Amino acid sequence: MSSVPDGKKLVRSPSGLRMVPENGAFNSPFSMDEPQWVPDKECPRCMQCDTKFDFIRRKHHCRRCGRCFCDKCCSKKVALPRMCFVDPVRQCSECSLVSQKEVEFYDKQLKVLLGGGTFVVTLGTSDKSETMTCRLSNNHRYLFLDGESHFEVELSRISSMQILTDGTSPGGGTSRASGMLLHYKPMGSQDVQQLQMEVAEDKKVASLWLAAMHKAAKLLHEARDQ
């Protein structure tokens, strides 16, 4: 499945232009669907400051939550890559703060995940390990692990993810990520498989990759809870 090309198309929605996969089955696991807008007739007042709408005070919908606000409470236009918008879109103050943090993930952490890190990988309860490079696929749907062998883990089939640390660093600083423990269902199977990864060689790069993966896990969890 990972080798199937992901064609995209430009579509126009009430919220703006979006660049989305031609086949919805190939959506990024980080993506979110557009919300249903609160009907105009159900929001005579701003849902934040309670200002009454009239001919002068027009109502605007936040493109992230779909609620109805006045211009003052919904004036910011912020990028919303999780909904595949081409341009920044209007969002309420609460949603714009969340989206700004997500933009940082797409601009920084996502590049780290695509670049990959080197780990000592152990499958299941095996006593054999292999040094492999782990990276996120370009369509964000798989973890590719490459060494003497190659295998893939589909992010949507990960049931749990735990970042392992090496304990508190000297001087009371924050601990550094040292590995990751995954539980997932391989393609075509309902049996849960365990995968353990421990940093190898360039520990700084691997630790940064794990930190980025930790943030990715939060987005995955949010996307599933929609």
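**Exercise 1. What volume does the largest pocket have, and which residues are closest to its centre?**

Before we start: this is a predicted model, in which local features need pLDDT of at least 70 and side-chain atom pairs count only at pLDDT 80 or more, while totals for chains, interfaces and linings use all residues. Residues are numbered from 1 along each chain as its sequence is written, and side-chain values use heavy atoms, with hydrogens and water left out.

*Solution.*
Step 1: settle the term. On a 1 Å grid over the protein atoms alone, a pocket is an open set of points where a 1.4 Å probe fits, with protein on both sides within 12 Å along at least five of seven lines; lining residues have an atom within 4 Å of a point. A volume is the space filled by probe spheres set on the points, which are joined across faces, edges and corners.
Step 2: read off the size, about 390 Å³.
Step 3: look at the lining. Of its 20 residues, Lys8, Met19, Pro81, Cys84 and His140 are the closest to the centre.

**Exercise 2. Find His140 again, and work out how S9 is placed between its neighbours.**

*Solution.*
Step 1: strands here are DSSP runs of E with at least two residues, and helices are runs of H or I with at least four, numbered from the N terminus. Two strands pair if DSSP finds at least two bridges between them.
Step 2: on one side, S8 and S9 run antiparallel, joined by four bridges, and Arg135 has Phe144 in S9 as its bridge partner. These two strands form a hairpin with five residues between them, and His140 in that turn has a positive phi of about 70 degrees.
Step 3: S9 also runs antiparallel to S10, with five bridges; here Leu145 stands opposite Phe151. A hairpin of three residues connects S9 to S10.
Step 4: four of the five residues of S9 are buried, so this strand is largely enclosed by the rest of the structure. Buried means under 20% relative accessible area (1.4 Å probe, protein chains only).

**Exercise 3. Which element gives the largest share of the largest nonpolar core?**

*Solution.*
Step 1: a nonpolar core is a set of buried Ala, Val, Leu, Ile, Met, Phe, Trp, Tyr and Cys residues joined through side-chain atoms within 4.5 Å.
Step 2: the largest one has 31 residues, and Leu113, Leu145 and Trp209 are among those with the most contacts inside it.
Step 3: the contributors of two or more residues include H1, S9 and H2. H2 gives the largest share, eight residues.
Step 4: follow Leu113, whose contacts (heavy atoms within 4.5 Å) include Arg135, Trp209 and Met213.

Terms used: Buried means under 20% relative accessible area, exposed over 50%, partly exposed in between (1.4 Å probe, protein chains only). Lists of a residue's contacts leave out its neighbours within four places in sequence.
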